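Student: I should like to learn how to read the features of a protein model in a systematic order. Could we work through one example together?

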Amino acid sequence: MSPLLLALVLFQTPEVAPLTTPPLAPPSTEAVSPGAEPPEVKLFAEFVDRHLLAIGASGSSMEVRQRERVFRLQDDDFETAFKLVPEAFASAQQAHSDFLVASRLQIAGLAVVGAALAVTVVSTLVRTLLLPLLIASLAASGVGLVLSLIALPFALSAQSKFFSAVAGYNRGLLDLRPPQNPALGGGLTLALPE
């Protein structure tokens, strides 16, 4: 019975097709050597590499790096990093302006709160003017708090404009084309007749 069962099992197995090698891909008409690229691509890559911006943060300042140059948001020359793309340049100017307004308002708010604290200390020393000095200190603290709260939207606007300027610049940089090499000087250029 077992030889019959073995014959039945062997007879039921499907035939396996012999393994063949896959057909080779047709040879390409253009042989591109690795690492070889057109000179225009190489020039454009160098142009982008020279001008691309990277975001950096050090301490309390936001900055962008362009190769070895660093442009901080609080510096007066911050916008010069964005000169190549006009939309990004406008956003960078707005970010710089909003950052300066926010900084000045925060400094003024902290100065007023510091003055209010000094008035509170003085009020403990001068007992005859205790109530008016405490009221003045409370009012000054409120003014300092309001100035700090007014500075907050400017700081948030500066941050969002900063990031949109960097993103817009890098995106716009890829759409730019590098300037053509200037013609060699020393000659007179005349229009040729057609």
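Tutor: Let us begin with a term that we shall need throughout: contact means heavy atoms within 4.5 Å. Please bear in mind that this is a predicted model.

Student: Which residues is Tyr169 in contact with, leaving aside its neighbours within four places in sequence?

Tutor: With those neighbours left out, Tyr169 is in contact with His51, Leu53, Gln66, Ala81, Phe82, Leu84, Val85 and Ala88. For the protein as a whole, take the contacts between residues at least 6 apart in sequence: 58% of them join residues at least 24 apart.

Student: What is the overall secondary structure of the protein, and what pattern does it follow along the sequence?

Tutor: There are 4 helices and 3 strands. Read along the sequence, they follow the pattern α-α-β-β-β-α-α.

Student: How should one read the strands as a sheet?

Tutor: The general idea is that strands of a sheet pair through backbone hydrogen bonds, in either a parallel or an antiparallel manner. In this model, 3 strands form an open sheet in the order 1-2-3, with antiparallel pairing. Strand 1 (54-58) and strand 3 (69-72) are the edge strands, each pairing on one side only. From one strand to the next, the twist averages 35°.

Student: How many bridges support the pairing of strand 2 and strand 3, and which residue of strand 3 does Val64 stand opposite?

Tutor: The antiparallel pairing of strand 2 and strand 3 runs over 4 bridges. Val64 stands opposite Phe71 in strand 3.

Student: Which strands does helix 4 touch as it packs on the sheet?

Tutor: Helix 4 touches strand 1 and strand 2, and its direction makes about 10° with that of strand 2.

Student: How many residues does the largest nonpolar core have, and which of them have the most contacts inside it?

Tutor: A core is read from its buried nonpolar residues and the side-chain contacts that join them. The largest one here has 22 residues, and those with the most contacts inside it are Leu53, Val64, Leu73, Phe78, Phe82, Phe162 and Tyr169. Two or more residues of this core come from each of helix 2 (39-51), strand 2 (61-66), helix 3 (86-125) and helix 4 (130-175). Helix 4 gives the largest share, 6 residues. As for burial in the whole protein, buried residues make up 23% of its 194 residues.

Student: Where is Glu63 placed, and is Glu63 buried or exposed?

Tutor: Glu63 lies in strand 2. Its relative accessible area is 1%, so Glu63 counts as buried, the cut-off being under 20%. Neighbours within four places in sequence aside, Glu63 is in contact with Ala54, Ile55, Gly56, Ala57, Ser58, Val70, Phe71, Arg72 and Phe162.

Student: How should one read a charged side chain in such a place, and how many salt bridges does the count come to?

Tutor: In general, side chains of opposite charge can pair when their charged atoms come close. Here the count comes to 2 salt bridges. One joins the side chains of Glu63 and Arg65 at 3.0 Å, N to O; the side chains of Arg72 and Glu63 meet in another at 3.4 Å. Arg65 is partly exposed, with a relative accessible area of 40%, and Arg72 is also partly exposed, at 31%. Through shared partners, the salt bridges join Glu63, Arg65 and Arg72 into one network.

Terms used: Residues are numbered from 1 along each chain as its sequence is written. This is a predicted model: local features need pLDDT of at least 70, side-chain atom pairs count only at pLDDT 80 or more; totals for chains, interfaces and linings use all residues. Side-chain values use heavy atoms; hydrogens and water are left out. A nonpolar core is a set of buried Ala, Val, Leu, Ile, Met, Phe, Trp, Tyr and Cys residues joined through side-chain atoms within 4.5 Å. Buried means under 20% relative accessible area, exposed over 50%, partly exposed in between (1.4 Å probe, protein chains only). Two strands pair if DSSP finds at least two bridges between them. Axes are lines fitted to C-alpha atoms, for helices over the stretch in contact, and angles run from 0 to 180 degrees between N-to-C directions. A salt bridge is a side-chain nitrogen of Lys or Arg within 4 Å of a carboxyl oxygen of Asp or Glu.
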